[in-house]
Amino acid sequence: MKCKVQLSSDYYARGEVIFIVISNVGDDSIQVSKCIIEGNGASIEKQVNQLLRPGESTTVMWDQYGDGDMVPPGQYAIHCIAGETSCSSSFSIRP
């Protein structure tokens, strides 16, 4: 089982919507349960709960809010959980 996380950019302006594309790059179907976005003391969990067949992908949108407030600028990492495997990527939010 293999998954891949892609972002449209490595850098985002504060408040810009971030599109997280999760793809199944393996030969078997995978169940993507969630993505966790972490950085600068923030930890945001985005539920996905989607089955991806080989070659399929899904997109998760994040508006940079966590716990009711916009997260601060800085470095962030995304970890998406798909069964026993996970895939990740990183990006920066600029002031």
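**Sheet, core and salt bridges in the predicted model**

An open sheet is formed by 5 strands, arranged in the order β2-β10-β9-β4-β5 with mixed pairing. The edges of this sheet are taken by β2 (11–13) and β5; each has a single partner strand, so one side of each is left without a neighbour in the sheet. Direction ignored, neighbouring strands are turned against each other by 25° on average. The model is a predicted one, and the description below refers to that prediction.

Within the sheet, β4 and β5 are paired in the antiparallel sense, and 9 bridges connect them. In this pairing, Q31 stands opposite L51 of β5. The two strands are also linked through side chains: K34 and E45 form a salt bridge in which the closest N and O atoms are 3.7 Å apart. This pair joins distant parts of the chain, as K34 belongs to strand β4 (residues 30–39) and E45 to strand β5 (residues 42–52), with the two positions 11 residues apart in numbering. K34 is partly exposed, its relative accessible area being 24%. E45 is likewise classed as partly exposed, at 45% relative accessibility.

The search of the whole structure gives 2 salt bridges. Besides the pair described above, E56 forms a salt bridge with R53, with 4.0 Å between the closest N and O atoms. E56 has a relative accessible area of 32% and is partly exposed; R53, with 48%, is also partly exposed.

The largest nonpolar core comprises 25 residues, of which I20, I22, I37, W62, I78 and F91 touch the most other members. At least two residues of this core come from each of β1 (3–7), β3 (18–24), β4, β5, β6 (57–62), β9 (74–82) and β10 (85–94). When neighbours within four places in sequence are left aside, the contacts of I22 are K4, V32, C35, V48, L52, E56, S57, T58, V60, C80 and C87. E56, the salt-bridge partner of R53, is thus listed among the contacts of this core residue.

S23 is located in strand β3. With a relative accessible area of 12%, S23 falls under the 20% limit and therefore counts as buried. Residues up to four places away in sequence not being counted, S23 touches K2, C3, K4, Q6, L52, E56 and S57. Several of these residues also appear among the contacts of I22, including K4, L52, E56 and S57.

How values were computed
Residues are numbered from 1 along each chain as its sequence is written. This is a predicted model: local features need pLDDT of at least 70, side-chain atom pairs count only at pLDDT 80 or more; totals for chains, interfaces and linings use all residues. Side-chain values use heavy atoms; hydrogens and water are left out. Helices (H or I, at least four residues) and strands (E, at least two) are DSSP runs, numbered from the N terminus. Buried means under 20% relative accessible area, exposed over 50%, partly exposed in between (1.4 Å probe, protein chains only). A nonpolar core is a set of buried Ala, Val, Leu, Ile, Met, Phe, Trp, Tyr and Cys residues joined through side-chain atoms within 4.5 Å. Contact means heavy atoms within 4.5 Å. Two strands pair if DSSP finds at least two bridges between them. Axes are lines fitted to C-alpha atoms, for helices over the stretch in contact, and angles run from 0 to 180 degrees between N-to-C directions.
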